[in-house]
Amino acid sequence: MNRLALSRRALIGGIGATALFPAWARSGTPGIGAALSGPEIRLNVGHTPFTVGGRTGHAVTVNGTLPAPLIRLKEGQTARLIVTNHLDEDTSIHWHGLLLPFQMDGVPGISFSGIAPHSSFTYEFPVIQSGTYWYHSHSNLQEAMGHYGPIVIDPADADPVAYDREHVVVLSDWSFMHPHAVMKKLKQDAEFFRRDNPNFAELAAGKGQTLKERLEWGAMRMSPADISDVTGATYTYLVNGHGPAENWTGLFNPGERVRLRIINASAMTIFNVRIPGLPMTVVNADGENVRPVETDELQISVAETYDVIVTPGDAAYTLAAESVDRSGMAHATLAPRMGMSAPVPKLRERPTLSMKDMGHGGGGDHAAMGHSMKMRDPENAARAGVKLSPGVDMIAPMPVDRVGDRGLGLEDETHRVLVYTDLVALAPNPDTRSPSRSLEIHLTSNMERYMWSFNGEQFSPVTEPFRFEKNERVRVTLVNDTMMAHPIHLHGHFFEVVNGHEGHHPRKHTVNVLPGGKVSFDLTADAPGDWAFHCHLLMHMHLGMFNVVTVRPLDSERTHGAGDAA
Amino acid sequence: MKRLIALLLIGTAGPAFAQDHSQHQMPADDPHAGHAMPAPTDDPHAGHTMPAPTDPHAGHVMPQADPHAGHGATPSGPSISKGPPPAAAAGGPTYAADAVFGADTMAAARAALYKETGGMTVSKTIVDRLEAGFGQGEETYLWDVQGWIGRDIDKFWWKTEGEGAFGGPLESAEVQALWSHAIGPFFDLQAGVRYDIRPEPDRAHAVIGIQGLAPYKFEVDAAAFISTKGDVTARIEAEYDQRLTQKLILQPRIEVELSAQDIPEYGIGAGLSAIEAGARLGYEFVPQFRPYVGVEWHRKIGDTADFARAAGEDVDAVRGLVGVRFWF
């Protein structure tokens, strides 16, 4: 059902041409103008050459552009999106952050069966929210090849955020290496893309860790440089599909309130975003409005969105998005006129992971507290409910709640840096019930073997899903037993990040869990169905940090119970 | 055992719980700071039944499950107990989408998803040493190559090494075919066969060994061999990559050979039979390609040395090395 036989005529459009940019993503754009909108939207997935930095590679695109077209919807409308697959392999589109019936969520093998080559699928769902979102393929690493684009949903009522102009800022990472080749390299050598490793010269120069620390980390077979798996060694970091050399420019009139809708559509890159000389007022996170909070820098994890308001003067500004491991930078210009530019900040030094990032808490004498600080203590594992498989190289012995911590490497910045505890939902949380139970989920890995999992178990046919009863309210605590930050995304729901603002917890679809730390969120499981739940670092998801969340009973079930349909 | 008793006490008695905390030396910025310790009657554990020995939640006093841990953000939050989902959560169809798209279609899509998520086969070939040696009037060559193909836990692993003098006969050459099984995060258990083409007469061995990454990041390969004649030998290798700079890498390497008995045919004596120690300084032009120069000292020990002396051979040798390491 929902599949259409494809006529030859439907194959035209978007194929064969070099990837052009949609109007909003062109350099020199005055802002969001034309977008795909209206009662019916057609999207064509195909192959397109993509050029950046003078080199051309092969991209998977929607309607022939990278990023994909901006889809602009209106809260209260019914969205009807007809997606046609011109590839010779399956594709799909997942509407990231949208609340919709599970069969419209677009995850092959969970919500539907995917879109077969040269066929179409029609997504249709009521639009019941507003804000900044995005969409991307959930098939075969296509997202890493360009299959992603922004969604803006205008509120049914007046927007509480006042602005004169808006730009969409899609951050992403592009590699001329096929993502499967990237993955193979990581399986062969997890440090392959890391070109900034600790070394003796650095030690001799008094940089990085002390000798004692180096020995301690060596004894644990861990590297304090494990920040990003895939780095600027292969990635060109993009703003709206433009590399640093292309200098994407967004225009404004001096003194205007400019709304930047920032989306991190990267496969593997967490960014530090700042606009030197221009404070940013965060007004929205993951599509949900928050009380305005001014900051100078924010770390945006993969798949998160932040809307910020800036009020630039009559000058050019550089929007700098530095990769968290400082191996590269995407940058763009905000200016009143074309041809202007501002200095581009230098890459800062690679951060060095600390014992806190390894789950050894915030300091103090743990041995005296009776806690086992062993890296892989079976007692710690049993307590955590983690299967101590070869896929687990560490159980954080004393993870602390890091919801108030700055992002990795920004601890010592002298300017303001956004933290999750700065986020306060503008509207009161809709469900104020206390959670009836808690659930702890461990994010686990083996860096040496490059294995990723939840609770020590890679996603497989025997994996028990995380089960919820419809409308059940549960406090979920994510414990990061790895030394890398993980953006954990739950499909089809918002959850409230427990950050101390009781009743106004920020509602998010993706939460970044810092290394060796933990984050709690309260979830009202109000969307019956099966939903993907995974790390949004694409390689981590692909290698097993993935599971299904089930919410029962389904709406279709009769009161007597439908029984087991499998 | 002491800890277990403590846990049991904590599970039943409020005062014991409070006492446990009083032993902690909390830093000032600890999330516990400012928390009034619960009076026995408020103890969230009060009224809990004793955990059964098999209770997976036993030991809840430790950080993750400690009702106070991480409450810095929500100091007033009541403790929320862990528990299984309600029965209704397990009801209904196993797969929600089956009713919409058909069970067969979805089963195929699920199979593809499992395959795509964590179920991949990878291979790697590592030319660890491909080198020429100079010294003591002789120019020699050596190869030491291994590779694997498989998934995370089980792999087929092959190894080959051999050496000889340029212009002379091949002195030694062997191949191994092993099944390699992950037994922990850093080590594989390997078992299989080894076949020696040289020295002659050729012979076969059964192999059992472990290979992996030891603390301090030493790459270790230790194996025992039983030949078809019943001779038992063993070999232990360890190497370590020390980055001097990002691209300049010093690699110390040591190899030790042992034998359980004299094997006069091959000039091997019982006990520690040979030691090889070397250092290679390489430049990693790209991570997959590292040419190097080095030096290596080789010494025959004990009875093996006696066999060598009797045959008029040197018992030790020092060689300069030029070689390359690469993988793909």
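G106 of chain A is buried: 29 other C-beta atoms lie within 10 Å. The model that shows this is predicted. G106(A) sits in the loop that runs between strand 5 and strand 6 (120-126) of chain A. Leaving aside residues up to four places away in sequence, G106(A) touches S92(A), I93(A), H94(A), W95(A), S111(A), F112(A) and H138(A). A further relation spans a long stretch of sequence: G106(A) and T550(A) are separated by 444 residues along the chain, yet their C-alpha atoms are 16 Å apart in space.

Strand 5, which leads into that loop, also belongs to a sheet. The sheet is open and has 4 strands, in the order 3-8-7-5 of chain A, with mixed pairing. Its edges are strand 3 (71-74) and strand 5 (94-96) of chain A, each of which pairs on one side only. From one strand to the next, the twist averages 25 degrees. Strand 3 of chain A is joined to strand 8 (residues 148-154) of chain A by 4 bridges, and these two strands run parallel. Within this part of the sheet, I71(A) stands opposite I151(A) in strand 8 of chain A.

Two other strands of the sheet, 7 and 8, are linked by a loop that holds a residue with a less common backbone angle. L141(A) lies in the loop between strand 7 (131-136) and strand 8 of chain A. Its phi is near 60 degrees, a positive value in a residue other than glycine. Most residues other than glycine have a negative phi. Is L141(A) buried or exposed? L141(A) is buried, because 20 other C-beta atoms lie within 10 Å, and 20 is the count from which a residue is called buried.

Y450(A) can be read in the same three steps. Y450(A) is located in the loop between strand 21 (437-446) and strand 22 (451-454) of chain A. Although Y450(A) is not a glycine, its phi is positive, at about 50 degrees. Y450(A) counts as buried because it has 23 C-beta neighbours inside 10 Å.

The database record offers another way to divide chain A. UniProt, in an unreviewed entry, places the feature "domain: Plastocyanin-like" at residues 50-156, 228-322 and 434-553 of chain A. How much helix and strand do residues 228-322 of chain A contain? The span is 0% helix and 53% strand, and its end C-alpha atoms lie 12 Å apart. Residues 434-553 of chain A are 4% helix and 52% strand, with end C-alpha atoms 21 Å apart.

Chain B comes next. Its secondary structure comes to 5 helices and 13 strands. Chain B has 328 residues, of which 24% are buried. Among contacts in chain B with a separation of 6 or more, 42% are between residues 24 or more positions apart.

One loop of chain B holds two cis peptide bonds, one before P199(B) and one before P201(B). Most peptide bonds are trans. P199(B) is in the loop between strand 5 (187-198) and strand 6 (203-214) of chain B, and P201(B) is found in the loop between strand 5 and strand 6 of chain B as well. The bond from R198(B) to P199(B) has an omega of about -5 degrees. For the bond from E200(B) to P201(B), omega is about 0 degrees.

The two chains also touch each other. Chain A gives 88 residues to the contact and chain B gives 66 residues. On the side of chain A that touches chain B, there are 32 nonpolar, 30 polar and 26 charged residues.

The confidence scores remain to be read. The model scores ipTM 0.91 and pTM 0.88. The average pLDDT of chain A is 92, and 93% of its residues score at least 70. Chain B has a mean pLDDT of 82, with 76% of its residues at 70 or more.

Some stretches score under 50. In chain A, pLDDT stays under 50 over residues 1-17, where the model has 25 contacts beyond four places in sequence. Residues 558-566 of chain A also stay under 50, with 16 such contacts beyond four places in sequence. In chain B, pLDDT stays under 50 over residues 1-77, and the model has 87 contacts beyond four places in sequence for them.

How values were computed: Residues numbered from 1 in each chain as written. Chains lettered and ligands numbered in written order. Predicted model: local features only at pLDDT ≥ 70, side-chain atom pairs only at ≥ 80, totals over all residues. Pairing = 2+ DSSP bridges. Axes fitted to C-alpha atoms, helices over the stretch in contact; angles between N-to-C directions. UniProt positions renumbered as here; feature names shortened; annotations may be inferred. Contact = placed C-beta atoms within 7 Å. Nonpolar A, V, L, I, M, F, W, Y, C, P; charged D, E, K, R; others polar. pLDDT = per-residue confidence, 0-100. Buried ≥ 20, exposed ≤ 12 C-beta atoms within 10 Å, placed from the backbone.
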